[in-house]
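The following exercises are to be worked through with the sequence and the structure at hand. Each task is followed by a solution in steps.

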Amino acid sequence: MENFDAIIIGSGQGGTPLAKKLAEAGFKTALIERRWVGGTCINDGCTPTKAMIASAKMIYFLKKSSELGIIVPKFHINIETVIERQQKMVESFRNGSEKKLLATKNLQLIYGEASFFGAKKLKIQMNNGKVKEATAERIFIDTGTRPAIPKIKGLDEIPYLTSTSILNLKKLPEHLLIVGSGYVGLEFGQMYSRFGSKVTLLERSERILKKEDEDVASEVHKILSEESIEIKVNSSPISFRKSNAGIDAVILQNNREETVRCSHVLIATGRTPNTERLNLDSTGVSANESGFINVDCHLETNVKGVYALGEVNGGPAFTHISYNDYVIIYNNLVHRNSHSTNNRLIPFCMYIDPQFARVGITEQEARARELNFKIAELPMTSVARAIETSETRGFMKAVVDAETKNILGAAVLGAEGGEMMSMLQMAMIGNIKSDILRDTIFAHPTYAESINNLFAKLRNETIN
């Protein structure tokens with residue numbers, strides 16, 4: 001058995017920088033990866049999907065180019081080139097990350113699958129067929145998640161797709177049925193609709209984006225529907241059956257059964273943690289009933305010296321949160337700080353087009369807490385830059401404390417929504433008041449200058 005100062009299981013966007021920085025700080029470190037360096041984000045998450053979304057965005061531009069006086073008489077999509085482009089990007093990112101790890105002193109990169117067989121003891125079934133045992137006083141679990149597959153009659157009898165397998169699909173679906181309307185469902189739905197597929201999306205709730213304000217969800221629904229995406233709310237699949245004409249899905253919508261015939265089915269019903277093979281029971285690490293590892297605000301499990309970071313700990317499933325988990329752990333361990341996950345500001349951006357991004361609380365959350373707040377809204381049709389670029393879909397919205405004038409939350413559904421949200425996030429971090437932003441000089445003509453008009457809308461609009 002080989003002894004290390006630190007062992008990281010999983011090379012995602014938290015585990016990789018943590019391994020590198022601990023090794024550089026003098027820790028004898030092992031990083032164990034069963035598949036590829038980079039985790040979901042690089043290999044089958046952010047990098048490949050956003051690369052493909054860029055191709056879909058170009059189709060949208062071409063179709064509306066006549067508005068800008070540019071006539072494109074004919075174009076066609078080569079889906080194989082789209083797939084090859086994202087795969088080359090993935091390989092470049094993955095190989096670059098692996099190269100840096102291999103060049104790091106005090107760091108041993110081990111390809112294989114790890115499982116516990118005692119307190120802080122690991123057996124590693126290496127990809128080369130050998131078995132290695134290792135131990136360390138500090139072990140960090142960063143094994144991530146994978147697509148969750150629901151139990152639906154006949155699902156295992158059809159060649160269904162997941163967010164991972166669809167990335168290698170080199171034939172455009174004639175009719176793509178998507179089960180679920182979260183990030184995966186909405187992003188892939190719009191993408192393939194723009195590629196030319198007929199898209200039907202099933203949402204079991206009464207509306208999409210139920211964690212967001214109703215006006216946001218309604219506007220996203222409208223935008224996607226205008227792109228010929230059929231969204232069926234209050235709908236759940238009952239069964240699937242393969243037929244000569246494709247796949248027949250029996251769905252229950254508003255308590256009535258109907259059959260939808262499609263060519264492909266994408267399951268987008270959430271993620272499940274990669275913990276079942278870790279043999280956590282042997283080391284005493286606690287996990288919830290879904291398999292997510294329980295951690296405290298310092299990301300430590302109930303077993304001292306064992307930590308969990310990234311999606312596997314059940315926190316917000318974003319790459320930037322996984323990275324921040326690494327920052328917290330590293331600073332606490334190496335610099336003796338006491339950073340925690342308490343009250344950290346969580347931003348996110350969903351890459352539908354236009355982008356939807358949010359930070360802080362929603363209006364419905366503010367109402368539920370019975371806060372004294374104001375709401376500011378600005379349609380993108382009132383943003384000069386949006387008008388000039390013919391990108392006027394969506395709106396901006398902010399929740400502001402009525403007494404302190406601090407921004408409590410902001411949502412942007414519009415062109416460059418993620419960048420605009422990030423500006424408002426920085427204002428929140430710096431406690432910049434809404435009236436200061438209202439009167440600040442921003443360059444013209446930028447999307448940023450719309451912040452002036454957004455907060456001008458707060459006047460006489462107190463909501464208790």
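**Exercise 1.** Determine which strands helix α5 lies across, and describe the sheet to which they belong.

*Solution.* In this predicted model, helix α5, residues 183–195, lies across β7, β8 and β13. Its direction is at about 165° to that of β8. The next step is to place these strands in their sheet. The order is β9-β8-β7-β13, an open arrangement of four strands with parallel pairing. At the edges are β9 (230–232) and β13 (264–267), each of which pairs on one side only. Neighbouring strands are turned against each other by 20° on average, direction ignored. Finally, consider the pairing of β7 with β13: four bridges join the two parallel strands, and Leu177 has Val265 as its bridge partner in β13.

**Exercise 2.** Identify the residues that touch the most other members of the largest nonpolar core, and state which elements each supply at least two of its residues.

*Solution.* The core holds 41 residues, and those touching the most other members are Tyr192, Phe195 and Val220. Elements that each supply at least two residues include α3 (46–63), α4 (79–102), β7, α5, β8 and α6 (214–226); β16 (347–350) and β20 (407–414) do likewise. Next, take Tyr192 as an example. Leaving out residues up to four places away in sequence, Tyr192 touches Met52, Ile166, Leu169, Leu172, Pro173, Leu176, Ser197 and Val199. Apart from the largest core lies another, of 28 residues, among them Met396, Met420, Met428 and Phe455. As a general point, nonpolar side chains in soluble globular proteins tend to be buried together.

**Exercise 3.** Establish how β20 is paired and how many of its eight residues are buried.

*Solution.* Begin with the partners. Strand β17 (residues 355–360) is joined to β20 by six bridges, and the two run antiparallel; here Arg358 stands opposite Ala411. Strand β19 (residues 395–401) is likewise antiparallel to β20, with six bridges, and Met396 has Val412 as its bridge partner. Then examine the connection: β19 and β20 form a hairpin with five residues between them, and Lys405 in the turn has a positive phi of about 70°. Lastly, seven of the eight residues of β20 are buried, so the strand is largely enclosed by the rest of the structure.

**Exercise 4.** Compare the settings of the salt bridges Lys57–Glu391, Asp213–Lys397 and Lys232–Glu230.

*Solution.* The N to O distance is 3.4 Å for Lys57 and Glu391. Lys57 belongs to helix α3 and Glu391 to the loop between α9 (384–388) and β19, 334 residues apart. Both Lys57 and Glu391 are buried, and they take part in a network of salt bridges with Arg194, Glu227, Asp353 and Arg393.

For Asp213 and Lys397 the distance is 2.9 Å, N to O. Asp213 is in the loop between β8 and α6 and Lys397 in strand β19, so this pair ties together parts 184 residues apart in sequence. Asp213 and Lys397 are both buried.

Lys232 and Glu230 meet at 3.3 Å, N to O. Lys232 counts as buried at 9% relative accessibility, while Glu230, at 34%, counts as partly exposed.

**Exercise 5.** Is Thr283 buried or exposed, and which residues are in contact with it?

*Solution.* Thr283 occurs in the loop between β14 (271–273) and β15 (306–308). Its relative accessible area is 8%, and since buried means under 20%, Thr283 is buried. Beyond its neighbours within four places in sequence, Thr283 is in contact with Phe116, Gly118, Ala119, Lys120 and Val303. A polar atom of the Thr283 side chain lies 3.5 Å from the backbone oxygen of Gly118.

Technical notes
Residues numbered from 1 in each chain as written. Predicted model: local features only at pLDDT ≥ 70, side-chain atom pairs only at ≥ 80, totals over all residues. Heavy atoms only, no water. Pairing = 2+ DSSP bridges. Axes fitted to C-alpha atoms, helices over the stretch in contact; angles between N-to-C directions. Contact = heavy atoms within 4.5 Å. Buried < 20%, exposed > 50% of the residue type's maximum accessible area, 1.4 Å probe, protein only. Polar contact = N/O pair within 3.5 Å; in protein donor to acceptor, adjacent residues only side chain to side chain. Core = buried A, V, L, I, M, F, W, Y, C linked by side-chain atoms within 4.5 Å. Salt bridge = Lys/Arg side-chain N within 4 Å of Asp/Glu carboxyl O.
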